[in-house]
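Good morning, and thank you for coming. Today I shall walk through one protein chain, from its interior to its surface. Please keep the sequence and the structure in view as I speak.

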Amino acid sequence: EDPPTRSIAYPVEIGDQWTIHEPGDPWAVDKLVLERKGMTVPAGTFDCYAIQTLIDFFDQDGEWDDDLLWIDYYSTSGLVRRSVTFYDAVITDPEGHAPIDTVDIFEETILTELHTR
């Protein structure tokens, strides 16, 4: 981003929270450090901080969206796992007008290999 935003900076403490975007820029985004835990993925086992992305995107009502759960697991080697769940997403007809169904959508990204120099 221009100017760059702070996605993470060490040292990290549980409970730390910082702003990525202010409301209207184009929407509010904060990061919140939840916990420190071991995370095992195909690339190995890493000591990670679980960092939640808090976002007011869908209705921009000044409250964090509770229908979105986005957690990144960072180690000193970088992002190890990303887990994003959208709850009660409305599926519409091809024209985008009539609701067809409501679903939960889960997306996960994991580190499969790590090569260091």
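Let me begin with a term. A nonpolar core is a set of buried Ala, Val, Leu, Ile, Met, Phe, Trp, Tyr and Cys residues joined through side-chain atoms within 4.5 Å. Please also bear in mind throughout that this is a predicted model.

With that term in hand, which residues make up the largest nonpolar core? There are 11 in all: V12, W18, I20, V29, V33, Y49, I51, I55, L68, Y74 and V84. At least two residues of this core come from each of the strands β1 (17-21), β2 (28-41), β3 and β4. The largest share, three residues, is supplied by β3.

Let us now step back to the chain as a whole. It contains six strands and zero helices, so that reading from the N terminus gives β-β-β-β-β-β. The C-alpha trace spans about 50 × 30 × 25 Å along its principal axes. Of the 117 residues in the chain, 31% are buried.

I turn next to charged residues. Side chains of opposite charge can pair when their charged atoms come close. How many salt bridges does a search of the whole structure find? The search finds four, and I shall discuss three pairs, beginning with those that involve D72.

D72 forms a salt bridge with K31, and their closest N and O atoms are 3.7 Å apart. This pair links distant parts of the chain, since D72 is in strand β4 and K31 is in strand β2, 41 residues apart. Both D72 and K31 are buried.

D72 also forms a salt bridge with R82, where the closest N and O atoms are 2.6 Å apart. Here again distant parts of the chain are linked: R82 is in strand β5 (residues 78-92) and D72 in strand β4, 10 residues apart. K31, D72 and R82 are thus linked in a network of salt bridges.

Are D72 and R82 buried or partly exposed? D72 counts as buried because its relative accessibility is 0%, and buried means under 20%. R82 counts as partly exposed because its relative accessibility is 27%, which falls between the limits of 20% and 50%.

The third pair is E108 and R81, a salt bridge whose closest N and O atoms are 2.5 Å apart. E108 belongs to strand β6 (residues 99-110) and R81 to strand β5, 27 residues apart, and this pair too links distant parts of the chain. E108 counts as partly exposed, at 39% relative accessibility. R81, with a relative accessible area of 18%, is buried.

Finally, let us look at the surface. Which residues gather there in a patch of negative charge? They are D59, D61, E63 and D66. E63 lies in the loop between β3 (44-56) and β4 (68-75). Its relative accessible area is 52%, and therefore E63 is exposed, as the cut-off for that word is over 50%.

G62 has its place in the loop between β3 and β4. This residue is exposed too, with a relative accessible area of 62%. The C-alpha atoms of G62 and K37 are separated by 31 Å, and the two residues are 25 residues apart along the chain.

That concludes my presentation, and I thank you for your attention.

Technical notes:
Residues numbered from 1 in each chain as written. Predicted model: local features only at pLDDT ≥ 70, side-chain atom pairs only at ≥ 80, totals over all residues. Heavy atoms only, no water. Patch = residues over 30% accessible without salt bridge, like charges linked within 9 Å, V, L, I, M, F, W, Y side chains within 5 Å. Areas by Shrake-Rupley, 256 points an atom, 1.4 Å probe, with all protein chains shown as cover. Salt bridge = Lys/Arg side-chain N within 4 Å of Asp/Glu carboxyl O. Lys, Arg positive; Asp, Glu negative; His and termini not counted. Charge placed at Lys NZ, Arg CZ, Asp CG, Glu CD. Helix = DSSP H or I, 4+ residues; strand = E, 2+ residues; numbered from the N terminus. Buried < 20%, exposed > 50% of the residue type's maximum accessible area, 1.4 Å probe, protein only.
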